[in-house]
There are 2 protein chains.
Amino acid sequence: MIKLNETHDPALVSWVPSANQANCEFPIQNLPFASFTVTGSDELYRGGVAIGNQIVDLNALSRTGLLDGAAQAACEAASQSTLNDFMRMGREASAALRLQLSRLLRKGTYAEPVVAECLVPQETAQYQTPCQIGDYTDFYTSVFHATNVGKQFRPDNPLLPNYKWIPIGYHGRSSSIDVSGQTFHRPYGQLKAPDSDTPCLGPSQRLDLELEMGIFIGAENTFGKAISIDSAEQHVFGLCLFNDWSARDIQAWEYQPLGPFLAKNFASTVSPWVITMEALAPFRTSFERSQDDPQPLPYLSSESNNQHGGVDINIDVLILTEKMRQEGLPPQRISSSNFKHSYWTVAQMVAHHTVNGCNLRAGDLFGSGTQSGPNPEEAGSLLELTAGGKQPLKLDNGESRTFLEDGDTIILRGNCQREGAVSIGFGEVSGTVLPAHPAQ
Amino acid sequence: MIKLNETHDPALVSWVPSANQANCEFPIQNLPFASFTVTGSDELYRGGVAIGNQIVDLNALSRTGLLDGAAQAACEAASQSTLNDFMRMGREASAALRLQLSRLLRKGTYAEPVVAECLVPQETAQYQTPCQIGDYTDFYTSVFHATNVGKQFRPDNPLLPNYKWIPIGYHGRSSSIDVSGQTFHRPYGQLKAPDSDTPCLGPSQRLDLELEMGIFIGAENTFGKAISIDSAEQHVFGLCLFNDWSARDIQAWEYQPLGPFLAKNFASTVSPWVITMEALAPFRTSFERSQDDPQPLPYLSSESNNQHGGVDINIDVLILTEKMRQEGLPPQRISSSNFKHSYWTVAQMVAHHTVNGCNLRAGDLFGSGTQSGPNPEEAGSLLELTAGGKQPLKLDNGESRTFLEDGDTIILRGNCQREGAVSIGFGEVSGTVLPAHPAQ
């Protein structure tokens, strides 16, 4: 059961004025976590919680004596230079800290003067990945994305037979994952033109974005021990935005028979703020399979997963080209999708990943796979938005794009809205393509 | 150029008597590294170097004052609870430590009484993985394995068109990698019989081993910066034995289109001892492509790689079944191969992995992929040795095997031999299959 509690009360107001403004992404009902420091300082990275345009410095807060019990223990763990130990403590620990934080940030609390001393303006902060990411697994949970991509190879039979039985996933690379603001040089790779007998080495000409949700693991399972579908979300710390950059031309030549490799591992970008599963509780959606689709095997099925396995998260993709930057234009939205369209839920991903006994560790990251929606304009990649590069996307300033060009910045933004709940946001994740290095 | 130096001198003799015995795997010319502690003690894990049947405790050695300069710094780094920091220091650091260790362990040295105080008998030691493995990448470098497996799917055209151009690789999972002695329960997974319309969840019935070499990364490259073929080996700390257990039935149903996932990530086992590239110098082999094969692209080709890119390492696979254990029989060898047959070299794997700017970190592990040799009895998996389960393997005690049964222990052993050089060994990696958990 998804339980709402006092932290979700839409009537809550914070003594931090910016948290109460319309369209604020980080109202008191959100309280996401990040790992931050102050730009230009020599302070260590530590955990922080967003409130309005401020950050509660958890290291500072842990020394005020305002917290007690599990919340104090959680806050001390979250004061470290990565959130791994905090995440490993599990949902009860983060919920305890979240509850006491909610109380300390409410208008009228006696604690305001002391907590106010713990605030750091977000505009002075810089972030790192919230934790040391151990293993990164990328799923493929959008049936619309799988169908769109499959159509380019198999027009009559786009979905493979296993798709509606297995939450398809594969392992990715964690070393090249960085936080929002990541820049990377256009990757070199082996490219093989359809009309050529031999490949050549060159910079990718079909560089793409992938709109994904990132899912951070918290509590660990023991090696050899599967996680049941109904306890799966107890192992999930929270969600972030995730851009899994992809080089389609490198991918096309390399991926048989063992899957994508260099086409994906040159860079991936996460948003700094991790939205906890607690904060997402008001935005859960039902998830029953249609009669036309196979019912999931028992280890992937439960009443609870049917009732509220999904999460209603709007995600936008925006582009800011070099020319737009020079012209002083704002980023332009090129797609808009929603995580509720995912064919497989977060709980199903966790249950499937561990059914063979595979052990998940705190700080492991899942990518949801590209979250394309049912309509063409909801596609989560340029590969889909431009029909494989055949239909260029027109931008408002007269430019057009098939794939990404040097200097392009891609921004993902996410938010949750529901009647009767206070809207919350994910902040954003941005990343920029730099020109390829000179010939290697 | 592969340079031999005084540490490779076949005339060297150690004051540790067991190091000088015939067939000793760890003579003074080897000096491999592991992370160990004393069984039953509360001592921390630390680095050690094998000599005969003893271990030089590097934490103890670092406090003797016997080392100086780069060797002392390397020894201090190797005294930590994982070897990551030591590996990150690069080949010069490990070479400096290796040289001074070689001198301290030679017969007649003044240092014998002090170094003798640093020895721990191997029979009292227990090991962990040598380092914290960040990312694990599995390659597919045996053309014989790729052909054998491909034949089962495409009899007329077993090798895919990219095979002889790209050192094919894919990302694997590091969390479930453990050191020799690993046991694991037979994994559950989705299985789909060819004559069934729907999959079911059950324990794998086609559980297999994979004979591989493990390759540990040392010095790191900067994010975005490719490693050239000629500097590639400067980023390699050393090699170990590696068994990448695989569930063929899970793999067959899940692997399209993104590659193996749960079929591989339930367990993988490394040997405790890492043989440095320095120790392997006398066993390098030439590596030119035949005229029939495409010449590698320039970023994968160099004079040095042609001349001595390969490594001549014999690897045996042995099985010890539950019945053999009860009968008091020794393990039986079921296959024997050699890493020199690999179609791609270690340097080519490193150069390819980073050509897109992907950053490697100290402690990252590459698997070589299953190292099958040119002859059928040199296959590195049961899938090949039994023709996909169709031709059971007869064991000397009357048992037979298609795939692994509960209680089976698989052992890999490796060694290098060459006229004029002292033979060195890799020790062994063993792992045991436990029965599946009761129905989940």
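Select chains A and B together: the area buried between them is about 5,500 Å² (accessible area lost on being put together, 1.4 Å probe, summed over both). Carbon and sulfur atoms give 60% of that area. Now pick Arg173(B), Leu258(B) and Phe261(B), which lose the most area to chain A in chain B, together 14% of what that side buries.

This is a predicted model, where local features need pLDDT of at least 70, side-chain atom pairs need 80 or more, and totals for chains, interfaces and linings use all residues. Residues are numbered from 1 along each chain, chains are lettered from A in written order, and side-chain values use heavy atoms without hydrogens or water.

Show the contact residues (heavy atoms within 4.5 Å). There are 60 from chain B and 60 from chain A.

Next, the charged pairs. The interface holds 4 salt bridges (Lys or Arg side-chain nitrogen within 4 Å of an Asp or Glu carboxyl oxygen). Zoom to Arg173(A) and Asp135(B), one such pair, at 3.7 Å, N to O.

Move to strand 26 of chain B, residues 424–434 (strands are DSSP E runs of at least two residues, numbered from the N terminus). Of its 11 residues, 9 are buried (under 20% relative accessible area, 1.4 Å probe, protein chains only).

Which strands pair with strand 26 of chain B (at least two DSSP bridges)? Strand 9 (182–185) runs parallel to strand 26 over 4 bridges; find Gln182(B) opposite its bridge partner Gly431(B). Strand 25 (409–416) runs antiparallel, with 7 bridges. There, Arg413(B) has Glu428(B) as its bridge partner.

How values were computed. Buried means under 20% relative accessible area, exposed over 50%, partly exposed in between (1.4 Å probe, protein chains only). Two strands pair if DSSP finds at least two bridges between them. Buried area is the accessible area (1.4 Å probe) that two parts lose on being put together, summed over both.
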